[in-house]
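Dear colleague,

Please find the structure that I am handing over to you below. My notes on what was found in it follow directly after.

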Amino acid sequence: MMVPVRCFTCGSVVSRHWGEFQERAREGDEDPSEVLDDLGVERHCCRRMLVSHRDLVDVVAPYQ
Amino acid sequence: MSAGDGFEVEFVDRSERSARFVVRGLTPALANGIRRAMIADVPTFSVDHLRVVENSSVMFDEMIGLRLGLVPLTTPLDDFEVGDTVTLALDVSGPATATSGDIETSDGMVRPADDDVPIIELKENQRLELEAEAVLESGKGHAKQQGGVAVGYRHLQRTELVGDADEFGDDGPQIVRGVVEEGAADAAVADATDGDLVLADAFGNDLRERYPDKEVRVEDVPGAFAFHVESDGSFSVEELVLRAAESVGSRAVELRDAVAV
C-alpha cells in the first residue's frame, strides 16, 4: 500500500526517498539505477524496496 | 596479540550517520560482541502504544502503529533511562500525506530524526488523529528499537605484491570489499604509502584496477577489524559505538563481580 518505512533487511529508512524516486524514475524518464545512486540508496536490499514498490492507496481509497 | 593491551582506532570514513573505522588489538569474539551490542544493547526511543482518536484512512490502526514505530526518534541517552516514555501526537486532515514532520512531541529532545518519512496518504474527507507513547527500550525486544543499521565488520586485509601478473594467466577480477591496508604501494596506480587504509570503493572493489599487470595477494591482518556502522538517526554513530563498548565493558565488570569470591 504505502512504501515500507524501512528496508526489510538492513533497517535503513528508505521511505524518505520514495517521493523523489517516484517523481524522477517512475513519472520522469530518468534511469532508476542512477536516481538510486543519486539518493544514496546503495545496498541492493534497500534498492529493491523502492524498485519493486507500487503505491496502492489510490486503488483501495474508494473501498473505505 | 592480546585484547588487554589497549586498542587502536582509526577512522577511514566518518559522518554523522555512517562511519568506517579500523580497530586493532581486538579478538574476533570482542569484535562480534561490540557489533551485537550496537544492534541489541543500545536503546532508542520508538512508538510502542497508540491512542487513536480518529482514523478514516485506508489503513488499519495497527498498520499505522507499525509505521509510526519504525520512524526513528532522536534519543538523548544522557537524559533518559530505559523504560522512560514520551508522548507524541499526530493530527492531519486530507487531502495530504501525513509525514513524520507532522508529529508533535511533548519533549523537544525526542522528535522524529527525519521530517520526510511518509506515514499515510490521506484523501479528501480522511483524517488521522492519534496520541502515541514512545518508549526507550533496547533492540533485544523489537527491531524498531535498534539504533544501528547494517552494522558489520570484517577482518582487515593487507595487500602484498607477489610479482608481475602471468601474461597468459586467468584474467578474472580480484574482488575485495570494505577497507584494505596498503602493502604494495609501489605497484599502486594511486598515490600511496604502505600502511594506508584504502576504501575498496575507491578502485571499484577490483584489485586489478589498483595494481594493473601485477599479481597481488591479500592476507588477513591479525587482530584488526574494519567496522562499518550506520545509525538510523536516533543518535550519532560515535554515540552508538561508545555506548556499545560501554555496554560490553559493564557486562564484563558484572561477570567479574559475580564470580569474585
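Chain B has a radius of gyration of 24 Å, whereas a compact globule of 261 residues would have one near 18 Å. Please bear in mind throughout that this is a predicted model. Along the principal axes, the C-alpha atoms of chain B fill a box of roughly 70 × 60 × 25 Å.

The secondary structure of chain B consists of twelve strands and four helices. Its contacts reach far along the sequence: of those between residues at least 6 apart, 73% join residues at least 24 apart. Buried residues make up 43% of the 261 in chain B. The area that chain B exposes is about 13300 Å², and 47% of this is supplied by carbon and sulfur atoms. As to charge, chain B carries 23 positive and 53 negative charges, and the mean positions of the two sets are 3 Å apart.

I turn next to the interface. The size of an interface is often given as the accessible area lost when the parts come together. Between chain B and chain A, the buried area is about 1800 Å², with carbon and sulfur atoms giving 57% of it. Three residues, B:Val58, B:Arg67 and B:Leu70, supply 27% of the area that chain B buries against chain A, which is more than any other three residues. In terms of contacts, 25 residues of chain B meet 18 residues of chain A.

Within chain A, helix H3 spans residues 44-51, and its buried residues are A:Cys45, A:Cys46, A:Arg47, A:Met49 and A:Leu50. The cover over the buried residues of H3(A) includes two further helices of chain A, namely H1 (18-27) and H2 (32-39).

One residue of chain B was examined individually. B:Glu137 lies in strand S8, which covers residues 127-137 of chain B. Is this residue, B:Glu137, buried, exposed or partly exposed? B:Glu137 has a relative accessible area of 33%, and it therefore counts as partly exposed, since that class lies between the limits of 20% for buried and 50% for exposed. Leaving aside residues up to four places away in sequence, B:Glu137 touches B:Pro43, B:Thr44, B:Val82, B:Gly83 and B:Gln145. B:Glu137 and B:Asp48 are 89 residues apart in sequence, yet their C-alpha atoms are 9.8 Å apart in space.

With kind regards

Conventions:
Residues are numbered from 1 along each chain as its sequence is written. Chains are lettered from A and ligands numbered from 1 in the order in which they are written. This is a predicted model: local features need pLDDT of at least 70, side-chain atom pairs count only at pLDDT 80 or more; totals for chains, interfaces and linings use all residues. Side-chain values use heavy atoms; hydrogens and water are left out. Helices (H or I, at least four residues) and strands (E, at least two) are DSSP runs, numbered from the N terminus. The radius of gyration is taken over C-alpha atoms; the globule rule is 2.2 Å times the number of residues to the power 0.38. Buried means under 20% relative accessible area, exposed over 50%, partly exposed in between (1.4 Å probe, protein chains only). Contact means heavy atoms within 4.5 Å. Accessible areas come from the Shrake-Rupley method with a 1.4 Å probe; for residues, only the protein chains shown count as cover. Lys and Arg count as positive and Asp and Glu as negative; His and the chain ends are not counted. The place of a charge is taken as NZ of Lys, CZ of Arg, CG of Asp or CD of Glu. Buried area is the accessible area (1.4 Å probe) that two parts lose on being put together, summed over both.
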